Amino acid sequence: MYTNLLLFLVAIFLFSIDAVPDATQLPWWQALLLGGLFLAVYGRISVKLFSRSSALQSSEYFHTEKQLSIAALCFFGATLYLCDLKYYLTLIFFGETMPALVNIAGLSFFMLYLSIMWRAGRKNYERIFGRRYSVSSFIISNVKANLPIVLPWVVLSLLYDVVAILPFPGVQDLFASEWGDVLFFGIFLIFVIVFFPPLVRRLWGCKRLPDGYLKEYLDTFCLQQKFSANFFLWPLFEGRVLTAGVMGIVPGLRYILLTPALIETMSRSEIEAIMAHEIGHVKKYHLLLYLFLIAGFSLIAGMVTEPLLYLLFSLDSVAHLIVTSGVTVETALTVTGGVLLLVFMLVYFRYIFGYFIRNFERQADLFSLAAIGNCQAMVSAFEKIAVLSGNIRDQPNWHHFGIGERIDCLEKAEREPVRISRHNKKVWLSLLTYIAVVSACVLFVRQLPTEELAVRYQENLVEAVLLQKAKAEPDQALWQRLIGDHMLAKKQERKALAAYEKALGIDSMSPELMNNLAWLLLTSEDLSLRDPLKALTLARAAVVLQPKGYILDTLATAYWANALTDEAVRIGRQAALADPERRRTYAERVAMFLSQSYEESLQQMDVRQDENVK
């Protein structure tokens with residue numbers, strides 16, 4: 001189940017980051033054929049892998065299922081990005097008003113690949129577990145077994161969409177406020193606590209443990225431990241798996257699940273030790289802590305992802321890489337953000353979440369030792385599970401510790417009881433460290449100059465888009481002119497000059513281009529770039545083609561720079577008449593023409609630059 005959790009998280013993630021394109025890469029019929037080909041190839045691979053003789057052993061059956069689940073993820077990604085799956089699902093499932101339906105449809109398509117795998121493995125399963133199924137019932141049973149993994153996400157997605165379409169603006173404003181996310185999480189928490197346990201119990205086909213000696217004994221044991229729960233038979237893999245579980249935080253909605261194989265195999269003392277282990281999960285608040293750790297992932301991902309993107313795309317080298325690689329800006333943003341989030345998600349759940357659930361399991365083992373008084377029964381139960389599950393005693397386990405490791409820990413703790421309190425301290429210190437690290441991340445992100453990074457991020461993206469357009473359409477002067485304008489706004493005057501001159505070489509009759517280049521040659525902070533005579537020639541030509549106020553103002557400034565003050569004043573007044581909205585600006589410019597010469601303004605600029613150097 002933990003492996004499937006990671007698989008479904010990746011599938012949800014792949015679908016979520018895929019943007020809906022404006023147009024498809026392939027015609028619909030070609031996309032349909034390609035998608036069908038992917039399904040057929042995956043089906044063929046599934047049949048071939050399950051036809052191996054080794055796949056008739058339970059351990060190899062599950063190994064094959066894991067291999068094909070990962071392959072399903074790869075085929076799903078290929079279908080998603082090569083066949084524009086999200087585009088077509090958006091058209092069919094009201095993507096603009098109910099995005100959750102599109103997401104559920106996308107996840108269902110991933111389930112379709114898994115269903116092909118389950119169909120291919122059905123006969124192997126029947127021979128291993130001795131149970132007959134029709135194809136449809138076998139697929140449905142597997143869907144029900146995996147549905148609880150994605151059910152919280154489905155509910156949360158639907159909740160967001162329902163709130164968005166409600167005809168109550170006050171409710172929407174409440175959820176859109178800074179407390180909206182907290183409110184959503186509160187509602188989600190209520191669902192997980194109240195509705196999720198009974199729903200999962202029904203999906204898994206669990207039946208209440210019948211009255212009798214075993215139930216009376218378990219009730220008595222729980223009473224001794226000051227604990228209450230309802231007991232159910234868990235038909236996991238036809239009940240032949242040796243395992244137990246607990247779910248539910250509220251006592252009335254708390255269930256302990258026992259597989260029939262566990263009941264049949266274990267002695268009374270061994271069942272008692274296993275029960276103590278499950279009680280330990282509740283007594284040590286592990287069920288609540290699971291929710292806390294999942295919420296921590298959402299908090300960190302939400303806080304860090306956007307600033308990291310800003311930081312990354314604010315680097316000039318990244319914009320250069322986008323242009324040279326030929327990847328569109330939209331694709332670069334999607335892929336980069338997606339890869340960052342995917343890596344963080346896999347690292348978080350595999351290592352951070354995995355670290356805690358391993359140590360929670362060890363804490364529950366040690367609780368069982370303390371409750372029973374010795375470890376013999378629990379060790380005996382572990383030895384049986386290891387042998388009957390295919391001699392897996394020394395097999396490592398990323399989420400529970402290996403069985404051999406758990407046995408060694410119990411035996412050492414029985415000899416040295418101080419290890420129990422030491423491990424409890426380790427868990428709580430780890431949680432405190434986790435909280436401190438998360439808090440530090442939040443504080444660090446808040447200290448980042450996010451607004452400044454966002455501006456640089458936007459500038460670099462604009463630059464990348466313009467450079468890509470210029471590269472794709474080298475005969476269009478517009479892109480070079482816009483690059484020049486952009487570089488001028490960034491104070492990169494030499495790059496702006498090069499872009500303007502390149503654009504002028506393509507279109508020598510553009511008045512806006514001539515005007516912008518003339519203004520740069522007149523006002524550049526880099527005095528070596530100034531050329532008043534060339535600016536005058538460009539400004540005169542621009543005014544002939546388009547005598548607008550701002551172009552007349554450039555011409556007036558060019559006359560002034562060439563010591564033709566009377567002409568500068570005359571043209572400046574014409575600019576004010578041509579553009580009354582900016583009359584005050586032009587009047588101030590005329591006053592400057594009369595109060596000082598161009599050379600004097602250059603001397604003042606030299607003084608300011610010398611002061612800056614000092």
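A crossing of two helices is left-handed if the near helix is turned anticlockwise from the far one by less than a right angle, and right-handed if clockwise. I kept that in my notebook before looking at this predicted model, where local features need pLDDT of at least 70, side-chain atom pairs count only at pLDDT 80 or more, and totals for chains, interfaces and linings use all residues. Residues are numbered from 1 along each chain as its sequence is written, and side-chain values use heavy atoms, with hydrogens and water left out.

**Entry: H21 and H22**

I looked up how helix H21 (residues 511-523) meets helix H22 (residues 532-545), helices being DSSP runs of H or I with at least four residues, numbered from the N terminus. Their axes, lines fitted to C-alpha atoms over the stretch in contact, are 8 Å apart at an angle of about 155°, on a scale from 0 to 180 degrees between N-to-C directions. That makes H21 roughly antiparallel to H22 (over 145 degrees). H21 passes H22 in a left-handed crossing. Among the residues in contact (heavy atoms within 4.5 Å), I noted Met514 and Leu521 of H21 and Leu538 and Ala542 of H22.

**Entry: Arg122**

Next I found Arg122 in helix H5 (residues 99-129). Is Arg122 buried or exposed? Arg122 counts as buried (under 20% relative accessible area, 1.4 Å probe, protein chains only), because its relative accessibility is 14%. Leaving aside neighbours within four places in sequence, I saw Arg122 in contact with Tyr133, Ser134, Val135 and Phe138.

**Entry: H15**

Last, I checked helix H15 (residues 376-388) and noted its buried residues, including Phe382 and Ile385. Gly390 follows H15, and its phi is positive, near 105°.

Definitions and conventions:
Helices (H or I, at least four residues) and strands (E, at least two) are DSSP runs, numbered from the N terminus. Angles under 35 degrees count as roughly parallel, over 145 as roughly antiparallel, 65 to 115 as roughly perpendicular and the rest as oblique. The expected span of a helix is 1.5 Å times one less than its number of residues. Buried means under 20% relative accessible area, exposed over 50%, partly exposed in between (1.4 Å probe, protein chains only).
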